Protein chains: 2
Amino acid sequence: MTDLYELTMADAYFREGMTEPATFELWVRHLAAERNFLLAAGLEDALDFLEDLRFDERAIAYLETLDRFSTGFLDHLRDLRFEGDVWAVPEATVVFAAEPILRVTAPLIQAQILETFLLNAVGLQTLIASKAARVHIAAAGHDFVDFGARRSHGADAALKGARAAYIAGASATSLVAAGFHYGIPVAGTMAHSYVLAHDDERAAFDAFARAFPNDAVLLIDTYDTVEGARIVAEIAPRLGEEGITVSAVRLDSGDLAALAREVRHVLDTAGLAAIRILASGGLDEHRITELLAAGAPIDGFGVGTSMMTSSDAPSLDVIYKLVHDSAGPVMKTSPGKANLPGIKQVFRKGDGDVIALEDEPIEGRPLLTQVVAGGRRTRTSPALASIRDSAIAAIDALPTELRRLDGPAEPPWRVDRSTRLQTLADELSSQH
Amino acid sequence: MTDLYELTMADAYFREGMTEPATFELWVRHLAAERNFLLAAGLEDALDFLEDLRFDERAIAYLETLDRFSTGFLDHLRDLRFEGDVWAVPEATVVFAAEPILRVTAPLIQAQILETFLLNAVGLQTLIASKAARVHIAAAGHDFVDFGARRSHGADAALKGARAAYIAGASATSLVAAGFHYGIPVAGTMAHSYVLAHDDERAAFDAFARAFPNDAVLLIDTYDTVEGARIVAEIAPRLGEEGITVSAVRLDSGDLAALAREVRHVLDTAGLAAIRILASGGLDEHRITELLAAGAPIDGFGVGTSMMTSSDAPSLDVIYKLVHDSAGPVMKTSPGKANLPGIKQVFRKGDGDVIALEDEPIEGRPLLTQVVAGGRRTRTSPALASIRDSAIAAIDALPTELRRLDGPAEPPWRVDRSTRLQTLADELSSQH
C-alpha cells in the first residue's frame, strides 16, 4: 500500500547512501469552505501499519518483476522494519489547516515509503469524523446512527468510517463488522423488503415484533406512512398484552417533519407515547437542523451516504512533506503549495493556536505528543469509548462560531505562526 | 460485512419458515446531474464475496453476544453457503438510471444478507469507473494515470478504485498494491521530498537519472518550474552522452498551460523534443479539457483526488430491492422511492433501451446474462485487459451528446419501460 514513486525514490536514496534520519509532517493544507474545524482520527490505524510494516517474499518477487529496482535495495526492503519516532495529536483533537497532525522522524527511506498509507488512513478517518462532528452538532442531543456502509467507498471505508463516526458522536452503527472489530454498538431495524416479503404490513409487523419481542423497530413507509402508523397503533396494544414491545417506528421517505407529526398524533392517540420515532432517508446535518427547527417529533436519526462519504467535501487536502533532514529545515516554494519548514509543534490557548518550532518556549498546551519511539508504541492505545468521550467534549466546547453549520466561521479560529518559524520560512524562501 | 438489519430480518424469516427463493435487483435510482451515463464495474468483487460467503465461529460467537438472535438461526448461519443464481451486466457495460445491473435469485435469507456488500462493492467501482470514463473522454487520447491512492477513502477504495479507473481507460496506477493484485501497470515519478532531500535540484535530478537511467521522470516545480526546466535542459544532454535518458518532466503547480509552453520551449531549444511533459495537481476532466483546448503541450496527466473520490458526485444512488418472491412480483410505493416490480431484463438497441420483464420478446440485445448458477460461477472471469478494451470501446462509441462533460445530455439516452412492465407496476401500485 504505497505509491510506486515512494519506492523509486527510496531506491535512489539507497543507491546514494542517504540513510540519515529525516522528518516528515502530515497536515491539511486548506479546509474546505464547508468546514470550520477538523476532528483528527485514524492515528491507531497509522500506528498499526508502522508496527506491521514488512515486505514479504511475494511483495519482493512482484517488485522484481518491475525490472526497476536494484538488488541491494530489494534486499534492504526484505529486512526493513520501522525504527523511527512518531509524534501526533491524539485522536479526537480538534485541528485546523496547516497544523501538523502527525510527524515521523526515521531513516529517510522508512519515512518516505509511509507517505501513501499515512495520508490515506489519517485522511479517511479525519474526513469522516469531521463530517460526523457536524451531524453531532445538528442532532443536538438526539441519537444518530451510522447507516452508511452500503454507500461508503469500499469495505475499509465502511469499517473505519463507522469508527470515525462513532468517535464523533454517533450512538451506533448498522455495520456488523464494525461491532465485531471495534465493539461499537450495532443497531438496525427492518428494510422494505421484509414488508414486501409478507402478505401485508400487518402480517410483517406482527411477525417481526414476535421475533424481537423486546425492542422491535417497525419501518412504516413501504406503502403509506400514516396508514403504517395506524396499523402499528392497532397491533401494538394487543402485542403489549402478550409482553411484546414495539419500541420505535422508522420513517424513510416523504415529508419527514409533517409525517412525524401525524405519526406522533396517531401513536399518542392510541396511548403509545413510549414508541419512539426514528427518521432516515437522505439526511445530513442541514436536514436534521431543519427537521428539529420545525419541531418535528423525531427521536433519532439514521444518517448514511452524506456522512459516510462526506459528500459536501469528499476529500481532505491532506499532505505529508519533508520538513527537516540531515542538512536542517527544508521547504518547497511551489506557487500556492509552499509549506512551513522545520520540526513543529502546535500550542493551543483559549483564544487561538500558535504553530512554532518544536523547541520554542510558547505559552499554551502542546498538541503533539510522542506515540512511537524507536519503532515501538510508547503508550497503550486509549479505549475507543474514551476517545469518543474526548471528541464529544471537544466538539461541545467549541466556540459557537466554529460550530456553525451554515457557513464559514467569522472569525475563524486563530492560527498564528511563531516569529521564529516565520523568520525561518522567509529565509528559506528567499534562497530560491 | 452486512448491516445488522439484514441479519435481524433473516432471523425473522428463519423463525417464520420463509425459506423460498426470492429475487432482488440492484440498480441506480437516479443519476447525479453531473453524469450522463454510468460504467458498470465491481461484479468480480461481488462474485468473490458470494463464493466466499461464510460465518465462521468467531463471527457466530460475536453475534451470540448481541443476545438478539435465535439459536436455530445462528446454527443456520454456520452452515450457510450461497446457493443462488446471479444475472448481471458484464463489467464495462454502459448503464443508466433504473436499469438492473445485477440480479440475485436465492433463498430469501441468502439474498437478503448480501445487500450491504453488493451495494458497497458494485457501487464503489461503478462510481469510480464512471468518473474515470469522463477523464478518459477529456484526455482525448492522451495518457492519464491514477495518482489517487493517498486521497481514496481507505485502502480498499484505493485498490478497487485503481482497478475501476484502469478499466475506464487509465493507462496505469501509482498504487503498487494494485499492480500486485491486478497486474495493472504501475507508474510514478518523484516527489518534492526527493528534491528537498538533496542540496539542490541539479544534484537531485542528476542522482535520480543515474538511478533510473532508462526512463527517469523529473519533477521540476519544487522551487520554480521554468528554472527547473533549464536545469534539465542543461544536464539531460550530458547524461545522454552517458546513455542515461530523461524521459519526461512533471509539472505539479502553477499555471500549467503557460508553464507547459515555457518548459516545452526550453526543452525544444536544447534539442530535447523527445522529453515528454506530464502534468498533475488538482486535475479533473474539466481542467484537462481546458488545458488541451488551450493547446498546452502536455503529453500525459496524473489524476488523483477528483477521480478517486468522484468528488463532484461522490456517491451513487444505488439500491437493492426485492422485486419478486414466492407470491409473485412485488414493489414498494413509498413517495419518491417506488420501484419497478418483477424480474427484469434490459434490451438495448441503437437508439435506446427498454426495461422489460425477463421473458418478454423485446427487440434488442439483452444486457443481463447469467454469471452464477446454484452458487457457482457459470463462466471464467474475463481478463482485466479485455474488460478494459470493452470499456474503452463502449465509451468511445457513445453518442456525442452522452459524452458531454459540461452538462446534462439533451436528449439523454432513451430508457423506456415495456407495456407489460408498466401495466404490472400500475396494477401493484393501485393495490395500495
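Helix α7 of chain A and helix α7 of chain B are roughly antiparallel to each other, because angles over 145 degrees count as roughly antiparallel and this pair packs at an angle of about 160°. The structure described here is a predicted model.

**The pair of α7 helices**

The two helices span residues 154-167 in chain A and residues 155-167 in chain B, and their axes are 5 Å apart. The crossing in which α7(A) passes α7(B) is left-handed. On the chain A side, the residues that take part are Gly154(A), Ala155(A), Asp156(A) and Ala157(A), which meet Ala155(B), Asp156(B), Ala157(B) and Lys160(B) of α7(B). Sorted by class, this contact holds 4 nonpolar, 1 polar and 3 charged residues.

**The interface between the chains**

Beyond these helices, the contact between the chains involves 78 residues of chain B and 78 residues of chain A. On the side of chain B that touches chain A, helix α1 (residues 4-16) of chain B gives the most, with 9 residues. That side of chain B consists of 38 nonpolar, 25 polar and 15 charged residues.

How are the two chains related? A turn of 180° with a shift of 0.0 Å along the axis lays chain B on chain A, with an RMSD of 0.0 Å. This is the relation of a two-fold axis. Of the interface residues of chain B, 100% are also interface residues in chain A, so the copies meet through the same surface.

**Domains within chain A**

The domain assignment of chain A gives domain 1, made of 4-128 + 315-430, and domain 2, covering 138-308. Their C-alpha centres lie 39 Å apart. Between them, 15 residues of domain 1 of chain A are in contact with 17 residues of domain 2 of chain A. Two elements of chain A, α6 (115-139) and α15 (384-396), each give two or more residues to the domain 1 side of this contact. The largest share of that side comes from α15(A), with 6 residues. By class, the domain 1 side has 11 nonpolar, 1 polar and 3 charged residues.

**Helices α6 and α13 of chain B**

In chain B, helix α6 (residues 115-139) packs with helix α13 (residues 285-293); their axes come within 8 Å and cross at roughly 0°. The two helices are therefore roughly parallel. From α6(B), the contact uses Arg134(B), Val135(B), Ile137(B), Ala138(B) and Ala139(B), while α13(B) supplies Glu285(B), Ile288(B) and Thr289(B). This contact has 5 nonpolar, 1 polar and 2 charged residues.

The table sets out the class make-up of the contacts described above.

| Contact or side | Nonpolar | Polar | Charged |
|---|---|---|---|
| Side of chain B that touches chain A | 38 residues | 25 residues | 15 residues |
| α7(A) with α7(B) | 4 residues | 1 residue | 3 residues |
| Side of domain 1 of chain A that touches domain 2 of chain A | 11 residues | 1 residue | 3 residues |
| α6(B) with α13(B) | 5 residues | 1 residue | 2 residues |

**Backbone features**

Most residues other than glycine have a negative phi, and most peptide bonds are trans. In chain A, a cis peptide bond with omega of about 0° joins Glu410(A) and Pro411(A). Pro411(A) belongs to the loop between α15 and β19 (415-417) of chain A. In chain B, the peptide bond from Glu410(B) to Pro411(B) is cis, with omega near 0°, and Pro411(B) is placed in the loop between α15 (384-396) and β19 (415-417) of chain B.

Asp67(A), although not a glycine, has a positive phi of about 55°. The loop that holds Asp67(A) runs between α3 (57-65) and α4 (71-78) of chain A.

Definitions and conventions: Residues are numbered from 1 along each chain as its sequence is written. Chains are lettered from A and ligands numbered from 1 in the order in which they are written. This is a predicted model: local features need pLDDT of at least 70, side-chain atom pairs count only at pLDDT 80 or more; totals for chains, interfaces and linings use all residues. Two residues are in contact if their C-beta atoms, placed from the backbone, lie within 7 Å. Helices (H or I, at least four residues) and strands (E, at least two) are DSSP runs, numbered from the N terminus. Ala, Val, Leu, Ile, Met, Phe, Trp, Tyr, Cys and Pro count as nonpolar, Asp, Glu, Lys and Arg as charged, and the others, Gly among them, as polar. Copies are superposed by least squares on the C-alpha atoms of residues with pLDDT of at least 70 in both. Axes are lines fitted to C-alpha atoms, for helices over the stretch in contact, and angles run from 0 to 180 degrees between N-to-C directions. Angles under 35 degrees count as roughly parallel, over 145 as roughly antiparallel, 65 to 115 as roughly perpendicular and the rest as oblique. A crossing is left-handed if the near helix is turned anticlockwise from the far one by less than a right angle, and right-handed if clockwise. Domain bounds come from an automatic or database domain assignment.
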